[in-house]
Number of protein chains: 2
Amino acid sequence: MGTIIQDQQLDALFTALSDRTRRDIVARLSTGEATVKELAKPYAMSMQAVSQHIRVLERSGLISQGRHRQTRPCRLEPAALEAGLSWIEESRRTWSDRMDRLETHLAHVQDREDQ
Amino acid sequence: MGTIIQDQQLDALFTALSDRTRRDIVARLSTGEATVKELAKPYAMSMQAVSQHIRVLERSGLISQGRHRQTRPCRLEPAALEAGLSWIEESRRTWSDRMDRLETHLAHVQDREDQ
DNA sequence: CGCTTGATAAAGCGCATGCTTGAGTACTGG
DNA sequence: CCAGTACTCAAGCATGCGCTTTATCAAGCG
């Protein structure tokens with residue numbers, strides 16, 4: 001656990017999610033496949049810029065790109081999201097365990113004071 | 001929903017989590033409070049560098065800093081983690097709903113072919 | 001008081017990011 | 001074959017990041 005490869009995956013994942021445009025693209029792709037041109041349409045920026053965002057998302061494992069005629073349809077790879085989810089849940093779990101123990105401890109102290 | 005403020009919060013949150021050292025610090029703080037010096041000890045980098053990481057984590061809302069004598073103890077603020085968790089879960093939910101519908105649709109097509 | 005300790009502030013450096021424009025590639029319909 | 005569509009590649013530029021070093025500050029101790 002806590003290997004270097006995992007760390008690099010999480011680096012790439014959270015970096016990918018740290019940009020609003022890329023989060024938008026992920027949200028858009030969660031409703032189905034889309035081509036680069038379709039993904040670029042809502043934004044003021046050039047298609048090249050969107051293409052670069054797609055590259056970042058691909059490096060993180062969040063999406064993959066296929067080929068169909070002239071287009072490169074993108075689709076979500078939800079497995080990558082799971083990695084982020086479980087990292088966050090692990091931290092949360094540790095924290096709430098600690099809170100539980102603290103509560104128990106305080107309850108014990110209270111008991112002793114009640115004697 | 002989907003306001004500019006929310007977006008900025010998520011930007012800051014995922015940016016904060018995109019660095020291994022900062023994720024380490026969050027994990028460390030999930031087991032209890034710690035001072036800047038204590039947090040810096042495991043790393044080869046200077047305490048100033050760690051202090052800057054702490055600043056990034058604070059801006060994201062993931063941690064807060066108090067004052068006690070000469071020290072500035074840091075503690076985790078798990079509410080910020082929830083924001084990230086729910087963003088990821090929302091994407092996942094939309095995606096799996098779509099997969100369910102697709103399965104249902106394919107089942108229907110299968111039924112019609114079976115007739 | 002002056003000295004040490006724990007911490008922030010500020011400036012600087014190398015490198016990555018987000019975007020642009022211009023050129024190149026790959027497929028396709030006329 | 002040739003023009004157009006969908007994209008990628010490459011270079012350039014401004015900005016931000018991670019870290020360093022130097023300086024400063026605030027709190028406690030002799």
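Is B:Glu33 buried, partly exposed or exposed? I looked it up in this predicted model, and B:Glu33 comes out partly exposed, with a relative accessible area of 37% for its partner B:Arg75 and 42% for B:Glu33 itself.

**Entry 1: the Glu33 and Arg75 pairs**

I started with chain B. B:Arg75 and B:Glu33 form a salt bridge, and their closest N and O atoms are 3.5 Å apart. B:Arg75 sits in strand β2 (residues 74–76) of chain B and B:Glu33 in the loop between α2 (20–29) and α3, so this pair ties together parts that are 42 residues apart in sequence.

Then I checked chain A. A:Glu33 and A:Arg75 also meet in a salt bridge, at 3.4 Å from N to O. A:Glu33 is in the loop between α2 and α3 (36–40) of chain A, while A:Arg75 is in strand β2 (residues 74–76), so here too the pair links parts 42 residues apart in sequence. A:Glu33 is partly exposed at 42% relative accessibility, and A:Arg75 is partly exposed at 36%.

**Entry 2: a pair inside one helix**

I looked at B:Glu58 and B:Arg55 next. Their salt bridge has its closest N and O atoms 2.6 Å apart. Both are in helix α4 of chain B, and because they are three residues apart, about one helical turn separates them. I noted B:Glu58 as partly exposed at 29% and B:Arg55 as partly exposed at 37%. I also found a network: salt bridges with shared partners join A:Asp7, A:Asp11, B:Arg20, B:Arg23 and B:Asp24. Over all chains, my search of the whole structure gave 20 salt bridges.

**Entry 3: where chains A and B meet**

How many salt bridges are there between chain A and chain B? I got eight. One of the salt bridges I looked up joins A:Arg92 to B:Glu82, with N and O 3.0 Å apart at the closest. On the chain A side, α5(A) gives the largest share, 13 residues. That side divides into twelve nonpolar, eight polar and nine charged residues. The two chains bury about 2,900 Å² between them, with 66% of it on carbon and sulfur atoms.

**Entry 4: DNA strand C**

I counted 22 residues around DNA strand C, and A:Gln48, A:His53, B:Lys37, B:Ser51 and B:Gln65 are the closest. A polar side-chain atom of A:Gln48 is 2.9 Å from a base oxygen of the strand, and one of A:Gln52 is 3.0 Å from a base nitrogen. At B:Val36, a polar backbone atom is 3.3 Å from a phosphate oxygen of strand C. Of the strand's atoms within 4 Å of the protein, 69% belong to sugar or phosphate.

Definitions and conventions
Residues are numbered from 1 along each chain as its sequence is written. Chains are lettered from A and ligands numbered from 1 in the order in which they are written. This is a predicted model: local features need pLDDT of at least 70, side-chain atom pairs count only at pLDDT 80 or more; totals for chains, interfaces and linings use all residues. Side-chain values use heavy atoms; hydrogens and water are left out. Buried area is the accessible area (1.4 Å probe) that two parts lose on being put together, summed over both. A salt bridge is a side-chain nitrogen of Lys or Arg within 4 Å of a carboxyl oxygen of Asp or Glu. Helices (H or I, at least four residues) and strands (E, at least two) are DSSP runs, numbered from the N terminus. Ala, Val, Leu, Ile, Met, Phe, Trp, Tyr, Cys and Pro count as nonpolar, Asp, Glu, Lys and Arg as charged, and the others, Gly among them, as polar. A residue is near a molecule or strand if one of its heavy atoms lies within 4 Å of it. A polar contact is a pair of N or O atoms within 3.5 Å; within protein, one must be able to donate a hydrogen and the other to accept it, and residues adjacent in sequence count only if both atoms are side-chain atoms. Buried means under 20% relative accessible area, exposed over 50%, partly exposed in between (1.4 Å probe, protein chains only).
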